[in-house]
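Thank you all for making the time this morning. I would like to walk through one model with you, going from a single residue outward, and I will try to keep to what the coordinates themselves support.

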Amino acid sequence: MPVIARFDGITIIIQYDDHNPPHVHVRYAEHRATITIGEGRVGSGDLPKSIERKALHKEHKEALLSAWLRMSAHQEVRIGDEG
């Protein structure tokens with residue numbers, strides 16, 4: 001799965017050709033979850049609430065949706081990387 005962003009120990013991943021609704025896969029320490037981009041809800045898995053809010057902060061939603069649409073069209077995307 002392609003990593004599109006890393007920050008504050010959070011890794012955000014979007015799969016090529018993934019299913020609707022638009023969502024991201026989030027990893028933080030031992031936690032794993034999928035979060036729908038539009039609603040900002042955890043679809044499956046478990047994340048601390050503070051990490052859930054950071055991963056899908058309102059300022060990130062537009063960029064994540066754009067990335068999801070590009071990934072579904074098989075275009076490579078990288079939003080940010082802090083290592």
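Let me begin with I12, which, leaving aside its neighbours within four places in sequence, is in contact with P2, V3, I4, A5, F7, V24, H25, A55 and L64. I should say at once that this is a predicted model, and that everything I mention today is computed from it. I chose I12 as the starting point with the core in mind: the largest nonpolar core has 19 residues, and I12 and V24 are those with the most contacts inside it. The elements that give two or more residues to this core are strand 1, strand 2, strand 3, strand 4, helix 1 and helix 2, and helix 2 gives the most, with four residues.

Stepping back to the whole chain, the protein has two helices and six strands, and from the N terminus on the elements run β-β-β-β-β-α-α-β. Of its 83 residues, 36% count as buried. The accessible surface comes to about 5,000 Å², and carbon and sulfur atoms account for 47% of that. As for contacts with a separation of 6 or more, 36% of them are between residues 24 or more positions apart.

Now to the helix that contributes most to the core. Which residues of helix 2 are buried? They are L64, A67, W68 and M71, and they cover an arc of only 105 degrees around the axis, which puts them on the same side of helix 2. That fits the general rule that an α-helix has 3.6 residues a turn, so residues three or four places apart point the same way. As to what this side faces, the buried residues of helix 2 pack against strand 1 (3–7), strand 2 (10–13), strand 3 (23–28) and helix 1 (49–55). The length of the helix can be checked as well: at 1.5 Å a residue, the 15 residues of helix 2, residues 58–72, should span 21 Å, and its end C-alpha atoms are 22 Å apart, which agrees.

Let me turn to how the strands pair. Strand 2 and strand 3 run antiparallel and are joined by four bridges, with R27 in strand 3 as the bridge partner of T11. Strand 3 and strand 4 also run antiparallel, here with six bridges, and V26 has its bridge partner, A33, in strand 4. Strand 4 in turn is joined to strand 5, residues 42–45, by three bridges, and this pair is again antiparallel; the bridge partner of T34 in strand 5 is S44.

Two of these pairs form hairpins, and their turns deserve a closer look. Between strand 3 and strand 4 there are two residues, and A29 in the turn has a positive phi of about 50 degrees, a positive value in a residue other than glycine. Is A29 buried or exposed? At 55% relative accessibility, A29 counts as exposed. The hairpin of strand 4 and strand 5 has five residues between its strands, and in that turn G40 has a positive phi of about 70 degrees.

There is another positive phi in a residue other than glycine, at D8, where the value is near 50 degrees. D8 is found in the loop between strand 1 and strand 2, and with a relative accessible area of 48% D8 is partly exposed.

Finally, I would draw your attention to the loop between strand 2 and strand 3, where both P21 and P22 are placed. The peptide bond from N20 to P21 is cis, with omega near -5 degrees. P22, for its part, is partly exposed, with a relative accessible area of 21%, where buried would mean under 20%. Not counting residues up to four places away in sequence, P22 touches I35, T36, I37, L65 and W68; of these, W68 takes us back to the buried residues of helix 2. The C-alpha atoms of P22 and T36 are separated by 5.9 Å, although the two residues are 14 apart along the chain.

I will stop there, and I am glad to go back to any part of the model.

Key: Residues are numbered from 1 along each chain as its sequence is written. This is a predicted model: local features need pLDDT of at least 70, side-chain atom pairs count only at pLDDT 80 or more; totals for chains, interfaces and linings use all residues. Side-chain values use heavy atoms; hydrogens and water are left out. The expected span of a helix is 1.5 Å times one less than its number of residues. Buried means under 20% relative accessible area, exposed over 50%, partly exposed in between (1.4 Å probe, protein chains only). The arc is that of the directions from the helix axis to the C-beta atoms. Contact means heavy atoms within 4.5 Å. Two strands pair if DSSP finds at least two bridges between them. A nonpolar core is a set of buried Ala, Val, Leu, Ile, Met, Phe, Trp, Tyr and Cys residues joined through side-chain atoms within 4.5 Å. Accessible areas come from the Shrake-Rupley method with a 1.4 Å probe; for residues, only the protein chains shown count as cover.
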